[in-house]
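This note is addressed to a colleague who is new to the structure shown below. Its points go from a local backbone feature to the sheets, the helices and the chain as a whole.

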Amino acid sequence: MSYKEVLEQTSKDIHMELPNNAEITRIEFEGPEVAVYSRNPRVLVDDETIVKGLAKKLRKRIVIRSDPEVRLPKDETIYVITELVGKEGEITTIDFDELVGEVIIEALKPGVIIGKSGEMLRTIISKTLWRPNVMRTPPIESRVIKTVRHLYQEHSKKRQEILKTIGKRIHRPIIYRDDTIRVTALGGYAEVGRSCSLIQTGESKVLVDCGINVGSNSPNNTFPRFDLPEFDIDNLDAVVISHAHLDHSGFVPYLFKYGYKGAVYATKPTRDLMTMLQIDYLDVAHKEGKTLPYEQKDIRESVLHTIVLNYGEVTDISPDIRLTFHNAGHIVGSTIPHLHIGEGIYNIAFAQDIKFARSNLLDPANCRFPRLETLFIESTYGKPQDILPPRAECEKMLRNIVNDTIKKNGKVLIPVLAVGRAQEILVVLENLMKTKEIPTIPIYTDGMIREASAITTAHPEFLSKNLRERIFHAGQNPFLSEQMKHVASNEERELIVQGDPAIIVATSGMLNGGPSVQYFKELCSDPNNALVFVSYQGKGTMGSKVQKGITEIQMMENRKTVMYHIEMQVHSISGFTGHSDRRELENFIRKVTPKPERVIVFHGEESKANKFASWVYKTTKRESMAPPNGTTIRLR
Ligand SMILES: [Zn+2]
């Protein structure tokens, strides 16, 4: 069967299932979805069961669009929507995408526009015959979200073409009936950084993650092993990104530079955050005079090829692979990608960067899958000794440090990674102030933290139940609290350093550049100040030297080396990590259902990955291994 025949067959099925008065004019594959254009979409909207039944029968995602001729004129549509929603929804803008017949409504309260079980949406469709695409106006303005939305609107036509090409590839007929499944370790095996796995079935090839090892100084260890013969960019079907950190997403634009034309699957927060981090990566690399592996325009291409999915949404990504994202509890939007291969012959889950415990920001990682034969699992804290103190204890430690420092009229500097740890720490601090465990003093955020927090709050549906309820119901967005202030200029930094007691949360997390270094230089010689490390300090970084207790350090200042004496108090609180410690990893293995036949341990230093793999074997008697990069394993 050719692609044309597949489309014809699908069209035939749809015509058979849908009532005649729906007046279908056109049917198209748009990425993983089937778009049905109708001159009378009201009948399909009014009776939802018709479309649901069809989707179930075809096992495809169906989207109903109106034929351009029957849509209400734009000005009337705006009038109708404003009348219907009233002031309550707090609409900020209404835009149109004529190509697909979408009215894009940005509102502060998207829930009102959706209505109870989507009732308002259906009313809007049936009155205007435009399909509402409701977006949340970010409560904190986000430059990245604005850019991404603008990009989609400006390139609507191109995006349509892209989706059609992707749709064609996904729905191509299966040629080879070969049931072997192989995985090749391209990066992030027996190491942390440049995560990348290639899954090959008889029919398709999929990459799971495509990262950069940002801490590496040698190009040979920085990027995934695309030099291996198993990798062939021209035959790649899909790229799946588990979460936004650069060691999982940083190399995606490179694929587009070298001709990849397929989709990138990610959650919405991941798409926005990885775009932010990739732009920043280019910026920093450029300033450091490094050769850039890709350019801004490749990031743009990557965004235009991204298809966003929610947790639990089952989607075809190739003729024989279905993808579902599950919560990973690691950072906002982070996932455990689950691949369902060949109508259920094989199932794989990638538990990389998981937090199997509740945090302030997120619910614990999901450990229940419909089916599971091979489980991949991280081992960042895979040694038996890698047991971290409980969260409550860490919060107490932080509380005491802040109180002691304020008493001495000092300042607290917390270097953090912009995405993840920063937001977690800010919520902890805000809580401590709310419960009056620490005095209410300014919390200054510097670097990309504000943008990352803006993206985080723009997607509250991905946050923990507690936090989501605070943002939705009580209007108590912790990132909008009064004491949180964003710093943007050197003048402000100067004032903060000379001013009253304050907490400064700044990037980078390992004192290897960024505003945290600037503050450190100003604050380090005063014993009344405190420095608190809340994340892992990579080997050789300035952070790790300071953490180990050196008292003098040389740094560049206006092209001269200056000696700094470190007198400030240096503390480390390890339990705020977004990774599971050894105990949580063991719990995950014990609790995961169904029990996998095989466990592959990755994302950890060689000795940690090996130690954890042998524990898994001893405890579960299932096959387990911790292969190095370059290995190909036949799973089936
Ligand atoms: Zn991560």
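**Notes on the predicted model**

1. K436 counts as exposed, because it has 8 C-beta neighbours inside 10 Å. The model is a predicted one. K436 lies in the loop that links α14 to β19 (443-446). Its phi is positive, near 60°, although the residue is something other than glycine.

2. A190 also deserves a check of its backbone. Phi of A190 is about 55°, a positive value in a residue that is not a glycine. The residue sits in the loop between β7 (182-187) and β8 (196-200). Is A190 buried or exposed? It has 21 C-beta neighbours inside 10 Å and therefore counts as buried; the cut-off for that class is 20 or more.

3. Two cis peptide bonds should be inspected. One joins T507 and S508, with omega about 0°; S508 belongs to the loop between β21 (503-506) and α18 (515-523). Another runs from T593 to P594, with omega near -10°, and P594 is placed in the loop between α20 (582-591) and β26.

4. An open sheet of seven strands has mixed pairing and follows the order β13-β14-β15-β16-β17-β26-β27. Its edges are β13 (315-318) and β27 (623-625); each has a single partner strand, so one side of each lacks a neighbour in the sheet. From one strand to the next, the twist averages 20°. Within this sheet, β15 (residues 335-341) and β16 (residues 346-351) are antiparallel and pair over four bridges, with I341 opposite Y346 in β16. Helix α21 (residues 606-620) packs on the sheet, where it touches β26 (598-602) and β27. The direction of α21 makes about 165° with that of β26.

5. Three strands form another open sheet, in the order β1-β2-β3 and with mixed pairing. The edge strands β1 (24-30) and β3 (61-66) each pair on one side only. Here the twist averages 20° from one strand to the next. Strand β2 (residues 33-38) runs parallel to β3, and six bridges join the two. A35 has V63 as its bridge partner in β3.

6. Which residues of helix α15 (residues 449-458) are buried? They are I449, R450, E451, A452, S453, A454, I455, T456, T457 and A458. The helix is thus recorded as mostly covered, with 10 of its 10 residues buried.

7. Helix α14 (residues 421-434) meets α15 with the axes coming within 9 Å and crossing at roughly 80°. The two helices are therefore roughly perpendicular. A422, Q423 and L426 of α14 make the contact with I449, A452, S453 and T456 of α15.

8. The domain assignment divides the chain into domain 1 (3-69), domain 2 (71-137), domain 3 (161-167 + 179-384 + 579-634) and domain 4 (391-576). Domain 3 is thus listed in three segments. Taken over C-alpha atoms, the centres of domain 2 and domain 3 are separated by 36 Å.

9. The chain has 21 helices and 28 strands. Its radius of gyration is 26 Å, close to the 26 Å given by the globule rule for 636 residues, so the chain is as compact as a globular protein of that length. The C-alpha trace spans about 80 × 60 × 45 Å along its principal axes. Of the 636 residues, 48% are buried. Among contacts between residues at least 6 apart in sequence, 73% join residues at least 24 apart.

Terms used
Residues are numbered from 1 along each chain as its sequence is written. This is a predicted model: local features need pLDDT of at least 70, side-chain atom pairs count only at pLDDT 80 or more; totals for chains, interfaces and linings use all residues. Domain bounds come from an automatic or database domain assignment. Two strands pair if DSSP finds at least two bridges between them. Axes are lines fitted to C-alpha atoms, for helices over the stretch in contact, and angles run from 0 to 180 degrees between N-to-C directions. Two residues are in contact if their C-beta atoms, placed from the backbone, lie within 7 Å. A residue is buried if 20 or more other C-beta atoms lie within 10 Å of its own, exposed if 12 or fewer, and partly exposed in between; C-beta atoms are placed from the backbone. The radius of gyration is taken over C-alpha atoms; the globule rule is 2.2 Å times the number of residues to the power 0.38. Angles under 35 degrees count as roughly parallel, over 145 as roughly antiparallel, 65 to 115 as roughly perpendicular and the rest as oblique.
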